[in-house]
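User: I am new to this structure. Please take a close look at the nonpolar core and the aromatic residues around it.

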Amino acid sequence: MKPAFKTAQELLAHAVFSAKGIDTDSPIFKHYFKDDHKDKVKKAMMKLMGNPGSLDDALKGEGAQELGQITFQGVDTENSDDDAGCAKEGTRMYTEGYDSDKPTVVVCEDFWVFPDKLNCDDLGDKLTDDFATVGHLVLHEYTHWDWLLKEITGGEIVDEHGTLFKSSGYGLENAYNNLDKEDALLNADSYAWYATETMWSVKCKKDFKEPSEDEEEEDSDDEEEEEEEEDDD
C-alpha cells in the first residue's frame, strides 16, 4: 500500500501547490467545483497533507499524522443486503467507521487492477478513467473520513450516485460534466479527479480534452462517416 499512500500525497500536493494548483488561475478547479468552494477544498486537502508549507515539503511528507489511525485491511467485513461490500460490482475500496477517530478502509480485489504509477506516455490527449492510480483511489477514501474533515466541509463527503432529482457525481464523466457543481463540495470523486487532472496536466505540460461520455458512440459516428464517404465514391 505504500506506493498508494505516496501517490495520494503527491496528488494532493499538486492540487494545492503546483503551477496549476488551487491558488492559480488554472481552469481545472472549475471543471469540478464552484469558485467559492476553493477555501474549503484547500483546507480539506491541506489537512490531509498535514498542513505543509510548500510543494517540496508536501512531496517529502507522508500526510497528516491522523492518517496513521486508519486501518487498511484486505478482508471484507460482514455486510448486509443493503451494503454488499466488495461483492458489489466495481467496488475497489470502502470505508467503515468514517465518523470515528479510527476508521477502517477495506481494500477489495478490484483495487489491485489499478496501476501503482503512470507516466505521460501512458496517457492520451483526453481525460479518461485510465488516469486513475491506486493513489487516486486512496485519496477518494480519505475524503470520506468525516471525523477529520466534516468540520471543514460542513457536511459528509459521499459518493453522489444521483437520484431522480440530482445528477450523479460518481466517476470521471459525472464529476466533470454532469454533477451540479453546487453539490461538488461533498462529492468524493470531485476531489480525486480534480487532484488527478491537475497533477497530470502539470507533469505532462499539457491541457487535456474533457472526457467523453460515449466514446463508443463517437467511434460509431466515425464509422458511419467512413461508410458514407465510401458510398459517395
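Analyst: What follows starts with the core, moves to the rings, and ends with confidence.

This is a predicted model. The mean pLDDT of the chain is 88. Of its residues, 87% reach 70 or more.

Start with the core. The largest nonpolar core has 56 residues. Tyr32, Met45 and Tyr194 have the most contacts inside it. Several elements give two or more residues to this core. Among them are the helices α1 (2–17), α2 (28–32) and α3 (38–49). The list also includes β3 (104–107), α5 (134–142), α6 (146–153), α7 (172–178) and α8 (188–204). The biggest share comes from α8, which gives 8 residues. As a general rule, nonpolar side chains in soluble globular proteins tend to be buried together.

Now take methionine 45. Leaving out residues up to four places away in sequence, Met45 touches Leu12, Ala15 and Val16. It also touches Tyr191, Tyr194 and Ala195.

Tyr191 and Tyr194 lead to the rings. The structure holds 9 aromatic pairs. One of them joins phenylalanine 33 and tyrosine 191. Their ring centres are 5.2 Å apart and their planes stand at 80 degrees, so the pair is edge-to-face. This pair links distant parts of the chain. Phenylalanine 33 is in the loop between α2 and α3, while tyrosine 191 is in helix α8, 158 residues apart. Both phenylalanine 33 and tyrosine 191 are buried.

These two rings have company. Phe29, Phe33, Tyr191 and Tyr194 form one aromatic cluster. A charge joins the picture at Phe29: the charged end of lysine 38 sits over that ring, 5.6 Å from its centre. Elsewhere, lysine 203 lies over the face of tryptophan 200, 5.4 Å from the ring centre.

Phe29 has another partner to note. Histidine 37 touches Phe29, Lys181, Glu182, Ala184 and Leu185, not counting residues up to four places away in sequence. Histidine 37 is found in the loop between α2 and α3. Its relative accessibility is 6%, so it counts as buried, the cut-off being under 20%.

Next comes α5. It is mostly covered: 9 of its 9 residues are buried. The buried residues include Val134, Leu137, Val138 and Leu139. Charged or polar names are there too, including His136, His140 and Glu141. Val134 also has a neighbour from far along the chain. Proline 3 and valine 134 are 131 residues apart along the chain, with 7.9 Å between their C-alpha atoms. Proline 3 is placed in helix α1 and is partly exposed, at 39% relative accessible area.

A second edge-to-face pair involves phenylalanine 131 and phenylalanine 208. Their ring centres are 4.9 Å apart, with planes at 90 degrees. This pair also links distant parts of the chain, 77 residues apart. Phenylalanine 131 is in the loop between β3 and α5. Phenylalanine 208 is in the loop between α8 and α9. Both of these phenylalanines are buried.

Finally, confidence. Among the elements of the chain, α3 has the highest mean pLDDT, 97. Helix α9 (residues 215–232) has the lowest, 52. Over residues 216–220 the pLDDT is below 50. Beyond near neighbours in sequence, that stretch has 2 contacts in the model. Where pLDDT is low, the predicted coordinates should not be read in detail.

How values were computed. Residues numbered from 1 in each chain as written. Heavy atoms only, no water. Core = buried A, V, L, I, M, F, W, Y, C linked by side-chain atoms within 4.5 Å. Buried < 20%, exposed > 50% of the residue type's maximum accessible area, 1.4 Å probe, protein only. Helix = DSSP H or I, 4+ residues; strand = E, 2+ residues; numbered from the N terminus. Contact = heavy atoms within 4.5 Å. pLDDT = per-residue confidence, 0-100. Phe/Tyr/Trp six-rings, centres within 6.5 Å; stacked < 30°, edge-to-face > 60°. Lys NZ or Arg CZ within 6 Å of the ring centre and 35° of its normal.
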